[in-house]
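Thanks for asking for a second pair of eyes on this one. Here are my notes, in the order I would raise them over coffee.

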Amino acid sequence: MENPYLPYPVRIEKIITETEDRNLKTFTFSFINPEHEKKFSYLPGQFAELSIAGKGEIPIGIASSPTEKGYLTFTVNKVGLVTSHLHNMKEGETMGIRGPLGNFYPWEQMQGKNIVIIGGGFAFTTLRSSIIYMLHPENRNKYEDITVVYGARTPGMLLYKQELEEWEKRDDINMHITVDATQDPTWKYNIGFVPTITEQKIKTADNAIAIVCGPPIMIKFTQPVLEKIGFPPERIILSLEMRMKCGIGLCGRCNIGDKYVCKDGPVFSLAQLRDMPPEY
Amino acid sequence: MKGRLFTKKEWDKALRELSKSQKIFVPAKEKDFHNFTVLDNNMEPDFDFQNTRLSPKSIVFPQSERMFEYTLDETSPDAHILKEAPKDFPPQAVVGIRPCDAHAFQIVNVNFDNPEYKDPWWVRRYRATTFVGLGCNEPCSTCFCTSVGGGPFSEKGLDILLHDLGDRFLAKAITEKGIEFLDKIGSGKEASEQTLKKAALEAEAALGKISSSVPTDRLKEKTEIELFDAPFWEKIAFPCINCGTCTYLCPTCWCFDIQDEVFRKEGDRIRNWDSCMFPLFTLHGSGHNPREKKVQRVRQRFMHKLKYYVDKYGNGVACVGCGRCVQFCPVNIDIREVFELMNGY
Amino acid sequence: MLEYTPKIREIARGLLEKGTVDVFIGYRKGSVPMMNEPVLVTDPAQTDVLHWDSHCGLNLCNYLTKRTDRIGIVANGCNSRNIVTHIIENQVKREQLYIVGIPCTGMIDHRAVKRAVNGKEIKEVQENKDTFLVIGKDFEEKFAKKDFLQDNCSVCRHRNPVEYDEMVAEPVEEQEAEDVFADVKTIEKMSPSEKQDFFTQLISSCIRCYACRNVCPLCYCPTCFVDESQPQWVGKSIDPVDTMTFHLLRAFHCAGRCTDCGACERVCPVAIPVRQFTKKLNKDTLELFQWEAGLTLEQRPALDVYRVDDYNDFIL
Ligand SMILES: Cc1cc2nc3c(=O)[nH]c(=O)nc-3n(C[C@H](O)[C@H](O)[C@H](O)COP(=O)(O)OP(=O)(O)OC[C@H]3O[C@@H](n4cnc5c(N)ncnc54)[C@H](O)[C@@H]3O)c2cc1C
Ligand code: SF4
Ligand code: SF4
Ligand code: SF4
Ligand code: SF4
Ligand code: FES
């Protein structure tokens, strides 16, 4: 019998420190058994359980795109038991990955639409996955305009800085990078909170769908802005976090009403969330 | 098959014989109460009981279960790689399970054995278990099985139903598994029409002895949000001490936690029962807790059983009316009153 | 003690009507025999739910922790001592409280009653001063209350509240218990391995539901040591070593604070006499520091102060 709790063994190929506070690192993994890579077929928005023998498992959004073959990446914020241990691990070490888990952004529904991506802080991970996925030559013509608003506290807290610069240079994606504040005179992008920049830069909700990921406070203030621009709740897509263990809807802990965030989510539309008890 | 009769002596002897070749759980007295225990020569089963203090869920879903093992010894090529803890799942039986508790296994089964995911430990043990029920001639005053889709002689979830006729058991096989089990026990005697009639009357009478009832008919009508926002939660929650008594004793609570434990260089990944009554259940690494207050946790327990489960699976409430939480909640929070409040809202 | 009920209702109604308190905490009659439910009353018209009898064996002080409103509360001897402890430990302020004192004649041991009727289902228990009548489907039996007191009540030496604003009745006579610590002494005489066996056996059926911890007013830490994950002091499975660690550490955290109210023992769903742990520490604090918890607001608790003449034989 297939054991859905059994992680695939993986090797840490690369570790990059992303932010100036050194609390965010991006880990690149490769599967030890190539069979497992084939089984691990995912779409942007899904997550996986990273498993460290002796410490436990943590749900982390997949930051790589399925168009990037041969490896998986995750960007992890150091907060507690497992994440702290992971931050101390070295390239070449063995651990486990279980997944892919949960649902993904509504890729079907998004075809032929203008895509607005709004991200804040380190919740940008599955949004990176989405951007890479859409920009891939095989996929780019499935979507109309792609607009990205991405903010962090300071320039040093932005993730994936090199890629951000590359995207800035492209003409098939509109980038609006912003920081809350900075003393850096060479900063060439926006200054201001994500909701404010969203209001300035996003002019229309026509044929558009918005994907929003960020800290609760950012989500709270971005929602009304999007609704003002004209996005109906069905076209505002959010990704939620809950404490998780099994990741497959069995252990009972991540429910909001009758939905399990791990299995029925983590991606929900605002319309769906309005029918669920506000307990997240 | 209509029914076979066994004298209690025969039954006891046959069970003991069978217990040499397979695991059989029977109710046995432990301190002031009963619990299911593995039958062996050093113990006396006691079928003269109302219900066991702990539900029999642990027979399929133990409180602590080793899932995986691993070594952290770097000299091993398999260091840090999890392997399923070796176990086998030979046929086993639980004899004397009350109909409510057997019904509970069905309710929980839809969680652990669903189209997308199968919990390997639950599924294998559940399938390997024969459920031999014992009808309730004398239900307790806190039982309300008949309001929630069961009954003192309900066959839901059972392979065999036993009826205590004083000095004899009348055994009725319900499933193939049940027939096989009875064959192993022995032939017994074919019950006469008269005995069957007497048993049927007694079962009928037992139905009338259920003195508690709860309403469930309107639970579907209200939305989750309406019930979630209902004004009565604070009042229900006030006395609650957020212990694990109700959820650990309950036959339909299935929530669990997963933990790693290491001794020297050898480690296990273990799953343990958990409870939505504990604050830790939902605490994020960031410190945010969506169910930080006790009223939120109390609401979760009742909403899960009486609303979320109802909406999700459409097969009734996740409560079989065994009355354990009613009797043993240390502060007397009575789910029957919560049924009234939620259904009447 | 049934006769206290009307008086409690009257006092509570008066306090709520006059606005002396915002809320009143007491018991209401339970939905199953020998069980009562803690209740919070805010409306003077609702005070008739309040009830008192010999099954009020929880500890209402548990519901005071970190409250900021003005509270009326019923308190018998042990509960009042926990309230004193709560005040000393800054969990609630004396000025917030209006304590309605209950002269207590002890709580009935529900397990002993069930044993006495051979586990037959009890439908009702009617109390009548020194006796009570147990009614089942086809039986009725009358018992003397003194033979069925909870273990802690049978050796209680502080039945009257130590701190109160008003009493519901005249104080009762205190008991001259022969030997409060007879059970502890028996265990003390055991060899270390006998002790280990004794306690291992004692907790063998523990399911770690934490009812004993949560029902105790002393256990108010924001994060209990059993719930810490960094470092993790105790494993979470039902491994006997972890379970023992929980029980021993919990008992130590209650040293010099436990009033032997018996709530922990009363609520355990699998009937573990958990007081065997705390009582030993009560005995030690009494013998080594002449300290009993919660008797006065004037003195700091034994483990809170250092005195040069403190017991220190353990220092090598
Ligand atoms: C769908 C999803 C995607 C996520 N994506 C990312 C990501 O891309 N990058 C990132 O840094 N973080 C992400 N998180 C949050 C991350 O899972 C937690 O920060 C992490 O579990 C904390 O684990 P810890 O052991 O360090 O913390 P501790 O507080 O020590 O936690 C102990 C255990 O509690 C559980 N737990 C604690 N907090 C959370 C939480 N917020 N969510 C779920 N389980 C929790 C875990 O099982 C963990 O093993 C995501 C969470 C979810 C649900
Ligand atoms: S048993 Fe009672 S006190 Fe304990 S968590 Fe359940 S409802 Fe609350
Ligand atoms: S909720 Fe209570 S009555 Fe219902 S099945 Fe669980 S323990 Fe039994
Ligand atoms: S969520 Fe609560 S009530 Fe529901 S199964 Fe889990 S522990 Fe039981
Ligand atoms: S109440 Fe009883 S079963 Fe629960 S943790 Fe305490 S001793 Fe263990
Ligand atoms: S994490 Fe177990 S049900 Fe969602």
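1. A definition to begin: the radius of gyration is taken over C-alpha atoms, and the globule rule is 2.2 Å times the number of residues to the power 0.38. For the 280 residues of chain A that rule gives a value near 19 Å for a compact globule, and the chain has 18 Å, which agrees. Its C-alpha atoms fill a box of roughly 50 × 45 × 35 Å along the principal axes.

2. A word on the basis. This is a predicted model, in which local features need pLDDT of at least 70 and side-chain atom pairs count only at pLDDT 80 or more, while totals for chains, interfaces and linings use all residues. Residues are numbered from 1 along each chain as its sequence is written, chains are lettered from A and ligands numbered from 1 in the order in which they are written, and side-chain values use heavy atoms, with hydrogens and water left out.

3. In chain A, 62% of the 280 residues are buried (under 20% relative accessible area, 1.4 Å probe, protein chains only).

4. The largest nonpolar core (buried Ala, Val, Leu, Ile, Met, Phe, Trp, Tyr and Cys joined through side-chain atoms within 4.5 Å) has 192 residues. Those with the most contacts inside it are Tyr5(A), Phe231(A), Trp233(B), Met342(B) and Trp52(C). Helix 9 of chain B, residues 294–313, gives the most to this core, with eight residues (helices are DSSP runs of H or I, at least four residues, numbered from the N terminus).

5. Apart from that core lies another, of 35 residues, including Leu127(A) and Ile209(A).

6. Trp52(C) has contacts (heavy atoms within 4.5 Å) beyond its neighbours within four places in sequence, among them Met1(C), Tyr27(C) and Met107(C).

How values were computed: Buried means under 20% relative accessible area, exposed over 50%, partly exposed in between (1.4 Å probe, protein chains only). Helices (H or I, at least four residues) and strands (E, at least two) are DSSP runs, numbered from the N terminus.
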